[in-house]
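Me: I have a structure to go through. Could we take it step by step, with short answers?

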Amino acid sequence: MANFINVILPIPLERTFTYSITEEEAALLQVGMRVAVPFGKSKIYTGIVHGIHQQQPEAYEAKEVHQLLDEYPIVNQIQIKHWEWIASYYMCTLGEVVRSALPGAFLLESETLVLRNRAYEIDESQLLDDEFLVFEALQHQSILKVQEVSAIVERKNVLPILQRLLEKKVIVLKEEVYEQYKPKLVRYVKLGTAYLSDEKLEELLNSLTRAPKQSQVVLSLFQLQGNTQKPIKVSDLEKSSNTSKAVIKSLVDKGILEEYFIKTDRVDYDGGTDNSTTKDLNEYQTLALTDIKASFEKNKVTLLKGVTSSGKTEVYVKLIEECLEKDLQALYLLPEIALTTQLISRLQEYFGEKIAIYHSKYNVQERVEVWQNVLQAKPKAQLVIGARSAMYLPFSKLGLVIVDEEHESSFKQFDPAPRYHARDAAIVLGHLHNANILLGSATPSVESFYNAQTGKYGYAEITRRYGNVLMPEMELVDIKEASRKKRMKGHFSERLFLEMEETLKEGAQIILFQNRRGFAPLMECLTCGHSPQCPNCDVSLTYHQFRNQLRCHYCGHHTALPESCFACGSPDLDTKGFGTEQIEKEVIGLFPEAKVGRMDLDTTRGKHGYEKIITAFEQQDLDILVGTQMLTKGLDFRNVNLVGVMNADSLLNFPDYRAHERTYQLLTQVSGRAGRTKKRGRVIIQTYNPYHQILKQVTTSDYDGMYTEQMYERQQFKYPPLNRIIKVTFKHKNYNILNEAADWFAGALRTNFGGVVLGPEYPPVARIRNQYLKHIIVKVQKVQSLAQTKANVRRIEKSFKAVALYRSVRVIYNVDHI
Ligand code: ADP
Ligand code: ZN
Ligand code: ZN
């Protein structure tokens, strides 16, 4: 009987593909294993077996599988179901989900020519345009042939580009199929088998009396070994016997010692103070825990709203403890940035080596190891802490899902597909496992709070800070007034300045928040009003004083600071607005004694970027920390008594229906960094609009007021959670084609679909990297079927792609979170 498998290939094509397998292969293969299969004329891809059957495909002759890559499934059935949900809900293909879910090393590469070099952090801004195109293509497709590179950069001879990319360590070249992942091997030694008996051993030691160094090595080995069976590393033996590699090697050569290897994990937690008992909860925490458990009893997703520093983490800890005792796995999701050593070491104190961390800044090897540990349900990966991609791990018995800081927008992936929201996808995963699901935040998203209000979710809250520390005192400072009266020192109001002086005098620390990096967002000619624009994007260039450059924050384009206006030649140039760099500089001028640090995208690149700054601030090597919204996420500093918000208005004016909600969340969160211990903290918010409703709500901690008002607006304008939205984005380098294509699509949507269709419209930045952009927003009312709507949109896309002129227009969907 002929045997066939359906394979999911990691490419953006709708279907799975059928391949034929032999009887022997059929006996070995299971769903969830990887196979290398031929595709097209000469490609080889790694795919995941999705089904095994006897149905010969009708339309084509099934090719044979090249190679089986696994002896056991590396993906389980629940994951495949979860992927199917993601693909269907977020309107992408299963292949795209696979590409995003598996560590790159699992997707074995074929007759490869160009691969992304994952061993290096790439500073995108250092790449030229054509280099960037290749780099970007390698984000979507892990492998490119030379002719594909040619097509991407629209040039025949691409070898010089590849040469440059190699030099910049962006890519590596490969010739053939190979397995990228290599476990790190550590060398161990033991006594040679010939010397295991006591007699032989004595003989040996006697014979070594004239070789004191060698004798020392053997004695050290015994010492290290004690009466344990534990393996001894060559490097440890070298250290403890105080000898050289050469001495050990000569013993190995003589057969007195034997060398061997064990596969080891890179991501081991090396002991320490694990399993200290968890903290006793106070009455408020206990009450919240009781409510959470009661809600879990009813199988409900539960929202925990606890003010900043109320001790939510300790409540999670209790739930995790129970989950692990039942021998189930737990998943703890956090925004990337909150994944610092701070939280991890706190949890390691309780759960020691049961913790595995899954992080995009970890390298491929480390990620494969965590994957394997979770797959085998090893105790050392029983609690997984990670950013959004951790929900892709092969859990088999998940008992608890915690999504901390659930309101965070960084749970949403924007590029590439799948454009999923990790909180929502993790809830679906939790349901598939029948796990308990807890969302936590001091400032829940309007969506989650709505679900709690309507009874869909369970609800618990903690309204007091732990240890009865008071919530910080907040004050709005009108800088319009202050500027008019000339009472500003640079961007600092007198109020803020005096408070800073006071705080420093007391030996406490200060956080200053400004949600823009760089020195100034705009450079302007005082003569003609011209401001330099990015040649590739419709956006002004940001002035970075440190590098004396103008830079584009969308594409990385940069030029040296001009000495005179590009347009009229006038030398009278001025900057407008301000970013973190400028604030840092002003602070240094105002408080020359203070040690000042800055935390933003420019200062935190690299694997340990955040950690270094956070640790320096924690250890009080810094007095003042200036930063962007990175500062707001779940950090627990003990000695911060003052938080200054340099300008709240830029947050409010964001063109997004969530802008007000986000402002409330950001300001509340950043304020929450102040006064987390005994002394009451102080927060000063500078603004031109001190009477703005949202700012009032922030200063009075009026979450309910914010929620009610936002819900009213969402209802008026048909936004979530009362409606669903799908944003369709069109992207093309030709302005006319883009416009025509978007109009065609919008027309088809309007004719075929009853809901609200808005647009097409240009986004605020209507051209990025020389690609024009246009959006259509589809609003789907609760009574309509979202699934049906998506199917309709997909059908329209099919006809759209049948129009030759539109085929090259990229169509991108974002569902719910746009
Ligand atoms: P949140 O996550 O709600 O902002 P945390 O969990 O970080 O708050 O708690 C704030 C501080 O209070 C932490 O330093 C934590 O160690 C301490 N804390 C919280 N709960 C307890 C408890 N039950 N016993 C002792 N210390 C606690
Ligand atoms: Zn000018
Ligand atoms: Zn640009």
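**Ligand, helices and backbone**

Me: What is the distance from an oxygen atom of ligand 1 to an N or O atom in the side chain of K312?
Reply: This is a predicted model. The pair joins an oxygen atom of ligand 1 to an N or O atom in the K312 side chain. A polar contact needs N or O atoms within 3.5 Å, so this pair counts. The distance is 2.8 Å.

Me: How much of the accessible area of ligand 1 does the protein cover?
Reply: On its own, ligand 1 has 550 Å² of accessible area. The protein covers part of that, and the share is 85%.

Me: Which residue has a polar backbone atom 2.7 Å from an oxygen atom of ligand 1?
Reply: Backbone atoms also contact the ligand. G311 has a backbone N or O atom 3.1 Å from a ligand 1 oxygen atom. The 2.7 Å distance belongs to a polar backbone atom of S309.

Me: Which helix gives the most residues to the shell around ligand 1?
Reply: The ligand is surrounded by 17 residues, and the closest include D280, Q285 and R346. By class, 3 are nonpolar, 6 are polar and 8 are charged. One helix, spanning residues 312–325, gives 3 residues, the most of any. That helix is α12.

Me: Which residue in the loop after α12 has a positive phi?
Reply: Most residues other than glycine have a negative phi. The loop between α12 and β14 (329–333) holds an exception. Its phi is near 65°, and the residue is not glycine. The residue is D327.

Me: How are helices α22 and α24 arranged, roughly parallel or roughly antiparallel?
Reply: Two packed helices are described by the angle and the distance between their axes. The axes of α22 (residues 659–671) and α24 (residues 703–716) come within 10 Å and cross at roughly 165°. The crossing is left-handed. Angles over 145 degrees count as roughly antiparallel, so α22 and α24 are roughly antiparallel.

Me: Is the crossing of α4 and α5 left-handed or right-handed?
Reply: The axes of α4 (residues 129–140) and α5 (residues 146–153) come within 9 Å. They cross at roughly 125°. That angle makes α4 oblique to α5. The crossing is right-handed.

Me: What is omega for the peptide bond that joins P720 and P721?
Reply: Most peptide bonds are trans. The one joining P720 and P721 is cis. P721 sits in the loop between α24 and β33 (723–732). Omega is about 5°.

Me: Which residue precedes P418 in a cis peptide bond?
Reply: P418 lies in the loop between β17 (398–404) and α15 (422–433). The bond leading into P418 is cis, with omega near 0°. The residue before P418 is A417.

Key. Residues numbered from 1 in each chain as written. Chains lettered and ligands numbered in written order. Predicted model: local features only at pLDDT ≥ 70, side-chain atom pairs only at ≥ 80, totals over all residues. Heavy atoms only, no water. Near = heavy atom within 4 Å. Polar contact = N/O pair within 3.5 Å; in protein donor to acceptor, adjacent residues only side chain to side chain. Areas by Shrake-Rupley, 256 points an atom, 1.4 Å probe, with all protein chains shown as cover. Helix = DSSP H or I, 4+ residues; strand = E, 2+ residues; numbered from the N terminus. Nonpolar A, V, L, I, M, F, W, Y, C, P; charged D, E, K, R; others polar. Axes fitted to C-alpha atoms, helices over the stretch in contact; angles between N-to-C directions. Parallel < 35°, antiparallel > 145°, perpendicular 65-115°, else oblique. Left-handed = near helix turned anticlockwise from the far one by under 90°.
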